[in-house]
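Me: I would like a close look at a single part of this model, taken slowly and residue by residue. Please choose one strand and describe its surroundings.

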Amino acid sequence: MVKIQTIQPRKKRFILKDAARESNLFINRVIIGWLFMLACLGIIVARLLFLQVFDHQQYTTLSDQNRIKILPISSSRGAIYDSRGRVLADNHVSYSLEVVVDKVEDSENTLKQLRQIITVTEEDGENFKKLLRNTRRFDSVLVRHNLSEDEVARFLVQRHNFPGMDIHANFTRFYPLGPIGAHVIGYVGRITERELDQVNSLDYQPDDFIGKTGIEKFYEKELHGKVGIQKVEVNVQGRILRILEQTPPIPGKNIYLTIDMAFQKYAERVIRREKASIVAIDPRTGGVLALASMPTYDPNLFVTGMDHKTYKKLLNVRKRPLFNRAVRGQYPPGSTVKPFMGLAGLEYGVREEHSSTWCRGWYRLSDHPHKFRDWKRSGHRSVNLHRALEGSCDVYFYDLAHDLGINRMHAFMQRFNFGKRTGIDISGEARGLMPSREWKQKIHKKNWYRGETLIVGIGQGYSLATPLQLAVATAALSMRGQLRRPHVAFALDEPNTGIMKTVSSSPEYITLKHENYWDIVINGMVAVVHSYRGTAKKIGRRSRYRFAGKTGTAQVIGIKQNKRYDARKIAKKYHDHALFVGFAPLHDPKIAISVIVENGGAGSRTAAPLAKKVMDYYLLPNSPLRLASKSKKL
Amino acid sequence: MQANWDTNHFFHLDKPLLLGLMLLSSIGLVVLYSAGGEDISLLVRQIQRIGMGFAIMIILAQIRPQYFLDWIPWIYLSGILLLIAVLIIGQSSHGSQRWLNLGLFRFQPSEIMKISVPLTVCWYLADKPLPPNITRITIALLITLVPVLLIAKQPDLGTALLVAASGIFVLFLSGLQWRWIIGFLSLLPVLLWSLWQVMHPYQRERVLTLLNPEKDALGAGYHIIQSKIAIGSGGLYGKGWLNGTQSHLEFLPERSTDFIFAVYSEEFGLLGVLLLLGIYIFILTRGMFLAAQAQGTFARLLASSLVMTFFVYIFVNMGMVAGILPVVGLPLPLISYGGTSLVTMMASFGLLMAVHTHRRLLSS
């Protein structure tokens, strides 16, 4: 039947089909098809229900992560001024060239093209390629920093040849005075990964600057200010389209120092080419007047970067220009401790003002053959405390130390801050060392010998002090027991509010049984410079004001029992350190000073004159020295 | 039926269907304005295309289906020839050869097949009693599979699937016995496996990406992830028109074409999606209703298969944008920016209306 139908003419075909059955079948299929479609669209609705209702929160977060970026707005770093308002550190605009990673197709070629208009060293190039590999594609990386104005101009003309590359203006730290006071001010450098771990990561970016030494480091938090936050909406290319929210940055505080840089410069200049340190403190306030550590360096080098050769020079093992001798250098204090030992003797009642000791040029413990020599081979004959200070008699202080014992010496000297950090606002301060029985047992696991007590009595042996500690102790002595924490910052000023906060240190009082113990010792120190027998009589002879001082000559190497110290026969690096501490004017101390000249020989000959010059400059406004240095611009 | 005549039809157009299509294209233009970054010229071009689509629909609606009955095999055969021509001398773009350059414009022969295949299968099955026997099923399948393979070879998987579906739908609607349907479904794994074998690496990657988009979040999975974020962050009520961040900040790729549904979902939320689906379901239902009323096997099969093909567009596009189907590059009908498929779809609606509005004449 089917076969017959196929050869039928078309018009008749419909008749032979079972129309009703086909129609039913078709309607049936249409309904099934319709239901099938509805079911499929139901799946879509279910899926959207999941995405848009159940997981809505999650996708909203993802969407916000796409579009919202939190950008820090860096705060401007506070400036540093000296006591006269001279700028010591501030921020200059510098230009860097950056490129969006995504836009760099061929780094070699880009560098080649770039080198035709600006200098890009091999090192810069290598750095750039390294950054390129380690940065996400929409971020920009540094190609070169510190472009000169000329280079900026040349690049801007050619900019269309470098897609995605642009000049960025950044603030760079600048130290107008260069090396002057560098050890006080310190410097900033790019933050290291370790430093980044230690600070609040919101406050710093990986290429930010952070204070590395000196004031810059100690007051990092204050100088840095508070980073602002910008919530921005970005598109897929990372371009910022609008700012959603903004917390403005709080600029860092400006810091005013107690130091007058003209004075600081003078203190550095008088040292000349020696390795030396001069610390001058106003004993009335604890404010540091000068803190010279020579040789010094130019802190700007650390901001802008330097070549390998320059850096190697700064690391010179012998000169160590980066080493802040004033706060980190630890030296045997030598005879400069004698005034304090004298005070201890009086305080503990083992000596009286007039009790005298016979000095025959050496001292020996009763049961030991070792001879502890006096610097003066012929001896000082009969000396009381006054005379012992005046002539710096070692034997007197050997005997005194013997009678005091190490424990009492240790306890007393600690009250003057020996062996303790002074707490100055310059980072990296050394502690010095005032030895004790316990200390030796703990560190060296050895018993204390009585002989060691004797040499601690003249500031040798294990004793170590920083120039700053000596100055602080001397200042306390000059103020008859008012010990103040030294500080370099005079005031911190908040630019936003204009509030100026001064830095002050409240004194700690060292009280003795009798007030006149101070006079006894101070008089001895006056005799050091003003008496005809004084070890530093030369500097006091024509002084226009009365002052007090004490010389010190610290041995660097031990001299054998039967040998004499002869500077001509030993290398310079084993020469004695020359020291001097003092304060002036006598009755109204305005300056306390300590001077250490490494391998400078006798304190009286090398250190004392430096101290006198510095004190003169400070105390005599019309001194020829001061006028001469003032006429020149700083 | 008679009573509806005057209220529902004029110029051989079905008014409810026309209303649905106009509503859809209006929504499409609104979304496109947002998705295209508020670009007026883009909108103008799309309006021109929609105009052209409607014109073609109106023209086709005027023609009695039996007038082009005799043309059907010839259109089909020339379509096959053109597909072969494409493989030999076609122009490539994005790694596949789909276009023929006819001087004035570029032309995608696979587009013809979207209508021509269901037409031809309908034509072939209509002159015999239904359901079809095994020989006729085989021939109907061959009519479908030849162009499908040719299109898949270009490669254009989306169109190939669509053409395959349109042919198979005709078979289903023609009353194919359930044992064949079940047999076919059980063969599906084997078919999928062989499909996997002929797939191009980029197509396989798309499928793999669908299964685990996070595996390659910045590469192949990027489209799907961003699309899901757009939809999901839209929530119940949406972010509001022109406020979609995923689209306006350009995180969403292909946002005015294949992924426009994500833009819509982001800005109008689930409620907006339900409205859109409602309109689609209205059109599908009206289409199926018209098909059910159609007289004669050919008219019925044609009308219903065209409706189901239209459905495939909707389902596949939404499915891929929502991340449950692989990304195969099918537009969302009447919403996505683009002309070719729009014209094809409007043409099929023209045929659908013709089938319906000429039926009295057909039966007389």
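What follows is an account of one strand and its partners.

Reply: Bearing in mind throughout that this is a predicted model, I will take strand β11 of chain A, which covers residues 276-281. This strand is mostly covered, since six of its six residues are buried, a term that here stands for under 20% relative accessible area. The side chains are divided between two directions: Ala276(A), Ile278(A) and Ala280(A) point one way from β11(A), while Ser277(A), Val279(A) and Ile281(A) point the other way, and all of these residues are buried.

β11(A) has pairing partners that can be described in turn. With strand β12 of chain A, residues 288-294, β11(A) pairs in the antiparallel sense, over six bridges, and within this pairing Val279(A) stands opposite Leu291(A). The two strands form a hairpin with six residues between them, and in that hairpin Gly286(A) takes a positive phi near 90°.

Strand β23 of chain A, residues 591-597, is likewise joined to β11(A) by six bridges, and these two strands also run antiparallel. Here the residue to look for is Ile278(A), whose bridge partner in β23(A) is Val595(A).

To place the strand in your viewer, then, you might begin at Val279(A) and find Leu291(A) opposite in β12(A), then move to Ile278(A) and its partner Val595(A) in β23(A), remembering that Ile278(A) and Val279(A) point opposite ways from β11(A) and that both are buried.

Methods
Residues are numbered from 1 along each chain as its sequence is written. Chains are lettered from A and ligands numbered from 1 in the order in which they are written. This is a predicted model: local features need pLDDT of at least 70, side-chain atom pairs count only at pLDDT 80 or more; totals for chains, interfaces and linings use all residues. Side-chain values use heavy atoms; hydrogens and water are left out. Buried means under 20% relative accessible area, exposed over 50%, partly exposed in between (1.4 Å probe, protein chains only). Helices (H or I, at least four residues) and strands (E, at least two) are DSSP runs, numbered from the N terminus. Two strands pair if DSSP finds at least two bridges between them.
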